[in-house]
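Work through the exercises below with the sequence and the model side by side. Try each task before reading its solution.

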Amino acid sequence: PAFGENLMGLLRYATRYSRYCYDETLRRLARPEGVLQPAAETTLWWDQFVYETAVENGTARLIVNLINLPRDGVWLGESALAGQFDYTTPEATPAVDFTMNLPPTHTLRGAHIIDPFTLDVTEIAVRDHRVPVPPVKLWNVLVLDLDVKDQAPTLASAFGPPRTLGVPRKGLAVERS
């Protein structure tokens, strides 16, 4: 599709699934390999784009952005920002399974894939802690539905970046107000 059509699809995705994009309670997992890993080698970019939603009514979600871009990409300059370029997307990645390794406080209940360009949602059959991911052309969003036991710590608290807001810095000689 043309650049403008893709952009409109992305805007629709960002509106309909804004909770997966803009929610201030989303927490990034800095070390997502602690809870999920591809079962085989893959060229997908994914590990920097895993987020956890806040727990509501005993459920949470992991949002995994699966991105298929060449690792040797080149900045296309200012014309790229204006959409004045022809771009070619790489071939779709091969299908790959992701293996889940959740703590006992979390249970994988289900999974689905969202195509951000078309907003198509495809349910995924999860078996034996494995989530089969179909080929990714450019970008798909894997949503993992989790049941969470009461008072369980979040996955982001164990596998996310360290908390810094309101935490005193050791060795800081400057008083902060």
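## Exercises on a predicted model

**Exercise 1. Start at a bridge: which residue of β9 stands opposite His 106? Then place β9 among its neighbours.**

Step 1. His 106 stands opposite Val 148 in β9. The model is predicted.

Step 2. Widen the view to the strand pair. Strand β6 (residues 106–114) runs antiparallel to β9, and eight bridges join the two.

Step 3. Turn to strand β4 (residues 59–67). Nine bridges link β4 to β9, again in the antiparallel sense. Within this pairing, Ile 63 has Val 143 as its bridge partner.

Step 4. Assemble the sheet. The order is β1-β3-β4-β9-β6-β7, an open sheet of six strands with antiparallel pairing. β1 (27–28) and β7 (121–124) are its edge strands, each pairing on one side only.

Step 5. Check one edge. Two bridges join β1 to strand β3 (residues 50–52), antiparallel. Arg 28 has Tyr 51 in β3 as its bridge partner.

**Exercise 2. Is strand β9 largely enclosed or open, and why?**

Step 1. Take strand β9 as residues 139–148.

Step 2. Apply the cut-off: a residue is buried under 20% relative accessible area.

Step 3. Count. Nine of the 10 residues of β9 are buried, so the strand is largely enclosed by the rest of the structure.

Step 4. Set this against the whole chain. Of its 177 residues, 33% count as buried.

**Exercise 3. Describe the surroundings of Asn 65 and Arg 109.**

Step 1. Locate both residues. Asn 65 lies in strand β4, and Arg 109 in strand β6.

Step 2. Test Asn 65 for burial. Its relative accessible area is 11%. Asn 65 is therefore buried, as the cut-off is 20%.

Step 3. List its contacts, leaving out residues up to four places away in sequence. Asn 65 touches Trp 45, Trp 46, Phe 49, Tyr 51, Trp 139, Asn 140 and Val 141. With Trp 139 there is also a polar contact between side chains, at 3.1 Å.

Step 4. Move to Arg 109. Beyond four places in sequence, its contacts are Thr 59, Asp 145, Leu 146 and Asp 147. The side chains of Arg 109 and Asp 147 form a polar contact of 3.0 Å.

Step 5. Add a backbone distance. Arg 109 and Val 126 are 17 residues apart along the chain, and their C-alpha atoms are separated by 8.4 Å.

**Exercise 4. How many residues has the largest nonpolar core, and which elements each supply at least two of them?**

Step 1. The largest nonpolar core has 28 residues. Those with the most contacts inside it are Leu 36, Leu 62, Leu 66, Val 131, Leu 142 and Leu 144.

Step 2. At least two core residues come from each of β4, β5 (96–100), β6, β8 (130–133), β9 and α3 (155–159).

Step 3. Inspect Leu 62. Its contacts beyond four places in sequence include Leu 29, Val 50, Met 100, Leu 142, Leu 144 and Leu 155.

Step 4. Look for another core. A second, separate one of 11 residues includes Ile 63, Ile 114, Trp 139 and Val 143.

**Exercise 5. Summarise the chain as a whole.**

Step 1. Tally the elements: three helices and nine strands. From the N terminus they run α-β-β-β-β-α-β-β-β-β-β-α.

Step 2. Consider contacts between residues at least 6 apart in sequence. Of these, 71% join residues at least 24 apart.

Step 3. Finish with the surface. The chain exposes about 11400 Å², and carbon and sulfur atoms supply 54% of that area.

Technical notes
Residues are numbered from 1 along each chain as its sequence is written. This is a predicted model: local features need pLDDT of at least 70, side-chain atom pairs count only at pLDDT 80 or more; totals for chains, interfaces and linings use all residues. Side-chain values use heavy atoms; hydrogens and water are left out. Buried means under 20% relative accessible area, exposed over 50%, partly exposed in between (1.4 Å probe, protein chains only). Helices (H or I, at least four residues) and strands (E, at least two) are DSSP runs, numbered from the N terminus. Two strands pair if DSSP finds at least two bridges between them. A polar contact is a pair of N or O atoms within 3.5 Å; within protein, one must be able to donate a hydrogen and the other to accept it, and residues adjacent in sequence count only if both atoms are side-chain atoms. Contact means heavy atoms within 4.5 Å. Accessible areas come from the Shrake-Rupley method with a 1.4 Å probe; for residues, only the protein chains shown count as cover. A nonpolar core is a set of buried Ala, Val, Leu, Ile, Met, Phe, Trp, Tyr and Cys residues joined through side-chain atoms within 4.5 Å.
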